[in-house]
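Hi,

Here's the structure I promised to pass on. Have a look at it first, and then read my notes below.

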Amino acid sequence: DIIPQPLLDQYLSMTDPARAQTVDTEIAKHCAYSLPGVALTLGRQNWHCLKDTYETLASDVQWKVRRTLAFSIHELAVILGDQLTAADLVPIFNGFLKDMDEVRIGVLKHLYDFLKLLHADKRREYLYQLQEFVVTHNSRNWRFRYELAEQLILILELYNPNDVYDYLRHIALTLCSDKVSEVRWISFKLVVAILQKFYANSANALGLNFINELVVRFRHCSKWVGRQAFAFICQVGMFSLCFYVYIKC
């Protein structure tokens with residue numbers, strides 16, 4: 001009573017390989033692009049009508065189809081709610097995380113939007129996987145690492161200071177030593193955001209430990225680019241650094 005059954009049947013048949021040969025070679029991609037809109041129209045109570053189609057598209061041999069789904073999975077999660085997302089979308093999301101870079105960038109660009117919809121215990125499981133985003137199939141794809149740093153700045157609010165120190169700190173330090181200056185610059189902002197996280201949560205010991213690590217790694221670096229990085233970090237986050245230096249003194 002929401003969508004005429006013949007129309008829905010026509011939409012669901014778009015994943016049929018035979019239609020790709022007779023109608024349009026990119027018909028599966030069009031189907032993937034429209035799926036969030038169809039899901040919104042049907043409502044989460046009728047998700048069972050689309051679930052099999054979504055899983056078929058998520059395993060399509062064409063990476064453009066999987067990429068389309070990866071870019072919209074966070075929108076679908078909002079439509080379905082936390083229970084259906086945990087049951088049906090998280091496994092698909094995990095598959096996209098291990099896919100080729102052209103697909104992974106889709107989930108990376110909206111990583112914060114997706115993670116914030118998960119329960120805290122499920123969200124915490126991804127702390128172990130965030131490090132994998134540092135490695136790309138194409139090392140020259142520096143925009144991938146730039147996007148990772150931008151997302152981590154947002155993601156900081158989803159985790160407690162101890163988790164940030166144990167997991168996200170290592171990623172930030174790695175990105176600060178990236179070969180591409182654009183990646184390093186956004187990573188300096190990430191470092192300052194981490195310091196501000198510690199300050200806002202009164203985690204002074206973690207903040208001081210992190211500053212000591214920054215001093216050893218960059219301030220006393222034998223290469224000028226490392227010492228320059230420390231100067232830029234000071235420039236970006238003068239307030240946070242001054243606060244911890246004041247406490248230390």
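**What I found**

Let's start with Thr-85, which lies in helix α5, the stretch covering residues 63-97. Before we go on, one thing to keep in mind: this is a predicted model.

Is Thr-85 buried or exposed? Its relative accessible area is 0%, so Thr-85 is buried. If you set aside the neighbours within four places in sequence, Thr-85 is in contact with Ala-77, Leu-80, Val-90, Phe-114 and Leu-118. Phe-114 is worth remembering, as ring pairs link Phe-114 with Phe-93 and Tyr-126 into a cluster.

**The chain as a whole**

Now zoom out. How many helices and strands does the chain have? There are 14 helices and zero strands, so don't go hunting for a sheet, because a strand would need to be a DSSP run of at least two E residues. Reading along the sequence, you just get α-α-α-α-α-α-α-α-α-α-α-α-α-α. Taken along the principal axes, the C-alpha atoms fill a box of roughly 75 × 35 × 25 Å.

The chain has 249 residues, and 46% of them are buried. Its accessible surface comes to about 12,900 Å², with 54% of that belonging to carbon and sulfur atoms. Take the contacts with a separation of 6 or more: 69% of them are between residues 24 or more positions apart. As for charges, you'll find 27 positive and 26 negative side chains, and the centres of these two sets lie 12 Å apart.

**A buried arginine**

Next, click on Arg-104, in helix α6 (residues 101-109). With a relative accessible area of 5%, Arg-104 falls under the 20% cut-off, so it counts as buried. What does its side chain make a polar contact with? The partner is the side chain of Asp-101, at 3.0 Å. Leaving aside neighbours within four places in sequence, Arg-104 also has contacts with Phe-96, Leu-97, Asp-99, Glu-132, Phe-133, Val-135, Thr-136 and Phe-144.

**Aromatic rings**

The structure holds 11 aromatic pairs. One of them is Tyr-128 with Tyr-167: the ring centres are 5.3 Å apart and the planes sit at 75 degrees, so the pair is edge-to-face. This pair links distant parts of the chain, as the two residues are 39 residues apart. Tyr-128 is in the loop between α8 (120-124) and α9 (142-155), while Tyr-167 is in helix α10 (residues 161-176).

How do the two compare in accessibility? Tyr-128 counts as exposed, at 54% relative accessibility. Tyr-167 has a relative accessible area of 21%, so this one is partly exposed.

**An unusual backbone angle**

Last stop: Ser-202, in the loop between α11 (181-200) and α12 (204-219). Most residues other than glycine have a negative phi. Ser-202 isn't a glycine, yet its phi is positive, at about 55 degrees. Is Ser-202 buried or exposed? Its relative accessibility is 58%, so Ser-202 counts as exposed. You can also try picking Ser-202 and Phe-218 together: they are 16 residues apart in sequence, and their C-alpha atoms are 25 Å apart in space.

Happy exploring!

Terms used:
Residues are numbered from 1 along each chain as its sequence is written. This is a predicted model: local features need pLDDT of at least 70, side-chain atom pairs count only at pLDDT 80 or more; totals for chains, interfaces and linings use all residues. Side-chain values use heavy atoms; hydrogens and water are left out. Helices (H or I, at least four residues) and strands (E, at least two) are DSSP runs, numbered from the N terminus. Buried means under 20% relative accessible area, exposed over 50%, partly exposed in between (1.4 Å probe, protein chains only). A polar contact is a pair of N or O atoms within 3.5 Å; within protein, one must be able to donate a hydrogen and the other to accept it, and residues adjacent in sequence count only if both atoms are side-chain atoms. Contact means heavy atoms within 4.5 Å. Accessible areas come from the Shrake-Rupley method with a 1.4 Å probe; for residues, only the protein chains shown count as cover. Lys and Arg count as positive and Asp and Glu as negative; His and the chain ends are not counted. The place of a charge is taken as NZ of Lys, CZ of Arg, CG of Asp or CD of Glu. Rings of Phe, Tyr and Trp (its six-membered ring) pair if their centres lie within 6.5 Å; planes under 30 degrees apart count as stacked, over 60 as edge-to-face and the rest as tilted.
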